[in-house]
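The exercises below ask the reader to work through packing, sheets, cores and backbone geometry in a single model. Each task is followed by a solution that proceeds step by step.

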Amino acid sequence: MANRILICTGSSGISAGALDVAEAFERELIHQGLTSDYEVVRVGDRGLFRDVLVDIVFEDDQRVTYEYVTAEDVSTIVTQHLREGVCVENRLAGKDYERFFEGQMRVVLANCGEIDPERIDQYRAVGGYEALVKALKMTPDEVIAEVKDSGLGGRGGAGFSTGLKWQFARAAPGDIKYMICNADEGDPGAFMDRSVLEGDPHAVLEGMAIGAYAMGSSEGYIYCRAEYPLAVKRLNIAIDQARHEGLLGPNILGTDFAFEVSIVQGAGAFVCGEETALMASIEGQRGMPRVRPPFPAQKGLYGKPTNINN
């Protein structure tokens, strides 16, 4: 793998000028004849905002992180660091940056800030869609058992077992079932869903496909607020790429399993983060919670068994 220049181009990075920084690096690499030695990669945000964040990652995996980088800094970084091997001290990330990530084991955000979210080849290069390949070689009940054994919880609120939720939907009678990703994030200042959708959209699609296979669904929805235009854009790109490679649509990976995903943009109603109000919104109704039971696993979207994962 070539040396890489990773530039955080999530919403926060772009608002700080990340696209200008990326273009400046591309121009400067051409100007200094280094295009064959370095690849500029536009990545998602990694969770600590010191925008514009830039990582120089060398072939031996050594890494140097720069923070608050502007387009005006790029020429100095390329000349002094990439050519002469001397770090630009006044833009190096400080100790607080290192302490923030020290001891973390990143799971959901593992790929955010490391891969280009608009390139499926980069997702697959870090093991993307291998879990789907594995799942399709198992029975749906075996997939559910593995998810239950993993202890995964909270994808429906209150830490409830994800595997049990999938099991309930699978056991519900009916040929039509729906898988929904609740990416409506109404809390002021929240950015958890946004960071995942902008930085690693294929992971969301892969998880939905595995869950859909397990519960017997052929149709899924991602409910994402319209105030996240970059997330919506990258999700649409990811969906098109996955369809092109046979990872969504009919006969996924040569099997009988078919699954399609659509995006529904919410209008910013806080209440639509609640699952029954969310389903009403997808149906074109006023987003209002309804009394349970019946629970979505028995009677959800359009009256059909539905699984909603946050």
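## Exercise 1: a helix pair

In this predicted model, helix α8 (residues 162-171) packs against α10 at an angle of about 45°, the two axes being 8 Å apart. Classify the orientation of α8 relative to α10, and describe which residues make the contact.

Solution. The first step is to compare the angle of about 45° with the cut-offs: under 35 degrees counts as roughly parallel, and 65 to 115 as roughly perpendicular. The angle falls in neither range, and α8 is therefore oblique to α10. The second step is to list the participants: α8 contributes W166, A169 and R170, while α10 contributes I210, G211, A214 and M215. Sorted by class, the contact has five nonpolar, one polar and one charged residues.

## Exercise 2: one residue of the contact

Decide whether M215 is buried or exposed, and find which residues it touches beyond its neighbours in sequence.

Solution. M215 belongs to helix α10. Its relative accessibility is 0%, and since buried means under 20%, M215 counts as buried. Leaving out residues up to four places away in sequence, M215 touches W166, A169, R170, K177, Y178, M179, P305 and N307. For a sense of distance across the model, the C-alpha atoms of M215 and G103, which are 112 residues apart along the chain, are separated by 36 Å.

## Exercise 3: the nonpolar cores

Identify the residues with the most contacts inside the largest nonpolar core, and state which element supplies the largest share of this core.

Solution. The largest nonpolar core has 42 residues, and L205, I222 and F259 are those with the most contacts inside it. Helix α10 (residues 201-215) supplies the largest share, namely nine residues. A second core, separate from this one, has 22 residues, including F25, L29, V40 and I77. To see how L205 is placed, set aside its neighbours within four places in sequence: L205 is then in contact with Y129, I222, A238, I239, A242, L248 and V261. As a general background to such clusters, nonpolar side chains tend to be buried together in soluble globular proteins.

## Exercise 4: two four-stranded sheets

Give the strand order of the sheet with parallel pairing and of the sheet with mixed pairing, and explain why certain strands in them have one side without a neighbour.

Solution. The open sheet with parallel pairing has four strands in the order β7-β6-β5-β8. Because β7 and β8 stand at its edges, each with a single partner strand, one side of each is left without a neighbour in the sheet. The twist in this sheet averages 20° from one strand to the next. Looking at one pair, strand β6 (residues 219-225) and β7 run parallel and are joined by seven bridges, and I222 has I263 as its bridge partner in β7. Helix α11 lies across β6 and β7, running at about 170° to β7.

The open sheet with mixed pairing also has four strands, in the order β2-β1-β3-β4. Here β2 (38-43) and β4 are the edge strands with a single partner each, so one side of each has no neighbour in the sheet. In this sheet too, the twist averages 20° from one strand to the next. Strand β3 (residues 54-57) pairs with β4 in the antiparallel sense over four bridges, with V57 opposite R63 in β4. Helix α2 (residues 18-31) packs on this sheet and touches β1 (3-8), β2 and β3, its direction making about 170° with that of β2. Helix α3 lies across β1, β2, β3 and β4, running at about 160° to β4.

## Exercise 5: unusual backbone geometry

Locate the cis peptide bonds at P293 and P294, and then place Y68 and N251, for which phi is positive.

Solution. A cis peptide bond joins R292 and P293, with omega about 0°, and the peptide bond from P293 to P294 is likewise cis, with omega near 5°. P293 sits in the loop between α12 (275-282) and β8 (306-309), and P294 also lies in the loop between α12 and β8.

Turning to phi, Y68 has a positive value of about 55° although it is not a glycine; it lies in the loop between β4 (63-66) and α3 (74-83). N251, again not a glycine, has a positive phi of about 50° and is found in the loop between α11 (229-244) and β7 (260-266). Y68 has a relative accessible area of 43% and is partly exposed, and N251, at 47% relative accessibility, also counts as partly exposed.

Conventions. Residues are numbered from 1 along each chain as its sequence is written. This is a predicted model: local features need pLDDT of at least 70, side-chain atom pairs count only at pLDDT 80 or more; totals for chains, interfaces and linings use all residues. Side-chain values use heavy atoms; hydrogens and water are left out. A nonpolar core is a set of buried Ala, Val, Leu, Ile, Met, Phe, Trp, Tyr and Cys residues joined through side-chain atoms within 4.5 Å. Buried means under 20% relative accessible area, exposed over 50%, partly exposed in between (1.4 Å probe, protein chains only). Contact means heavy atoms within 4.5 Å. Axes are lines fitted to C-alpha atoms, for helices over the stretch in contact, and angles run from 0 to 180 degrees between N-to-C directions. Angles under 35 degrees count as roughly parallel, over 145 as roughly antiparallel, 65 to 115 as roughly perpendicular and the rest as oblique. Ala, Val, Leu, Ile, Met, Phe, Trp, Tyr, Cys and Pro count as nonpolar, Asp, Glu, Lys and Arg as charged, and the others, Gly among them, as polar. Two strands pair if DSSP finds at least two bridges between them.
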